[in-house]
Amino acid sequence: ICSRREADDLIRAGAVKVNGVVVTEMGYKVKPDDSVNYGGETLRKEKLVYVLLNKPKDFITTMDDPGKRKTVYDLIKNACRERVYPVGRLDRNTTGVLLLTNDGELTKKLTHPKHGIKKIYHVSLDKPLAKPDLDSIAKTGVELEDGHILPDQIHYAADGSNKKEVGLEIHSGRNRIVRRLFEHLGYEVVKLD
């Protein structure tokens, strides 16, 4: 029917009824068996949809782009009728698993910092990661302009023979955090999955 912000306006205006009673209280909890009415029509709960996408490089994680760049919605436009939203973000040059859904509760559980959901990355660097840098990241982390970052785990990938390949586990959702962590130490991330 509308966005969350627009819904707040409709509720404030007294245009929404739950079980035949006008509700003007923000945050009112609607139960699964409640009848919600707007504009003389009873609303039906939207079917919950989950789209799992292996996001390729050069697609941005946004609904639409004024710059006309390719978006993840271009890839899933025929996947479902329901309007789905990405759970978190992957920047344009990052590849990997991206969940899109209309399940707000699940999105909240997966993205809110209090839940501490971990993300696992495979990082390819422009040069071998020096063992002292790996140990420093693992033990003390890095101080960035927006605060300290200490990964949950960091290791050379696979058997450790290629020091340019690193596995990293973090629970921070800050913007471009993995790239910024390595850039701070003088490394360039050439591939991130």
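1. Helix H5 spans residues 177-184. Ile177, Val178, Arg179, Arg180, Leu181 and Phe182 are its buried members, where buried means under 20% relative accessible area, exposed over 50%, and partly exposed in between (1.4 Å probe, protein chains only). That is six of eight residues, so the helix is mostly covered. Gly186 follows H5 and has a positive phi, near 90°. Helices (H or I, at least four residues) and strands (E, at least two) are DSSP runs, numbered from the N terminus.

2. A word on the basis. This is a predicted model: local features need pLDDT of at least 70, side-chain atom pairs count only at pLDDT 80 or more, and totals for chains, interfaces and linings use all residues. Residues are numbered from 1 along each chain as its sequence is written, and side-chain values use heavy atoms, with hydrogens and water left out.

3. Now the overall build. The chain holds five helices and 13 strands. Its radius of gyration is 22 Å, whereas a compact globule of 193 residues would have one near 16 Å. That radius is taken over C-alpha atoms, and the globule rule is 2.2 Å times the number of residues to the power 0.38. The C-alpha atoms fill a box of roughly 65 × 35 × 30 Å along the principal axes. Of the 193 residues, 34% count as buried.

4. Next, contacts (heavy atoms within 4.5 Å). Take those between residues at least 6 apart in sequence: 55% of them join residues at least 24 apart.

5. Where does Ile137 sit? Its place is in helix H4, residues 131-139. Ile137 is buried, because its relative accessible area is 0%. Leaving out residues up to four places away in sequence, Ile137 touches Val142, Leu150, Pro151, Ile154, Leu181, Phe182 and Leu185. Two of these, Leu181 and Phe182, are buried residues of H5. Lys118 is 19 residues from Ile137 in sequence and 17 Å from it in space, C-alpha to C-alpha.

6. Ile154, one of the residues that Ile137 touches, lies in strand S11 (residues 153-156). In a regular strand the side chains alternate between the two faces of the sheet. In S11, Ile154 and Tyr156 point to one face and are buried. Gln153 and His155 point to the other face and are not buried. S11 runs antiparallel to strand S12 (residues 165-170), joined by four bridges. Two strands pair if DSSP finds at least two bridges between them. Tyr156 stands opposite Val166 in S12.

7. An open sheet of three strands has the order S5-S7-S6, with antiparallel pairing. Strands S5 (50-55) and S6 (85-86) are the edges, each pairing on one side only. Six bridges link S5 to strand S7 (residues 96-101) in the antiparallel sense. Leu52 stands opposite Leu99 in S7.

8. Which residues in the loop between S5 and helix H2 (72-76) deserve a look? Asp58 is found there, and so is Lys68. Asp58 has a positive phi near 75°, in a residue other than glycine. Lys68 is not a glycine either, yet its phi is positive, about 60°. Asp58 is partly exposed, because its relative accessible area is 34%. Lys68 is exposed, with a value of 73%.
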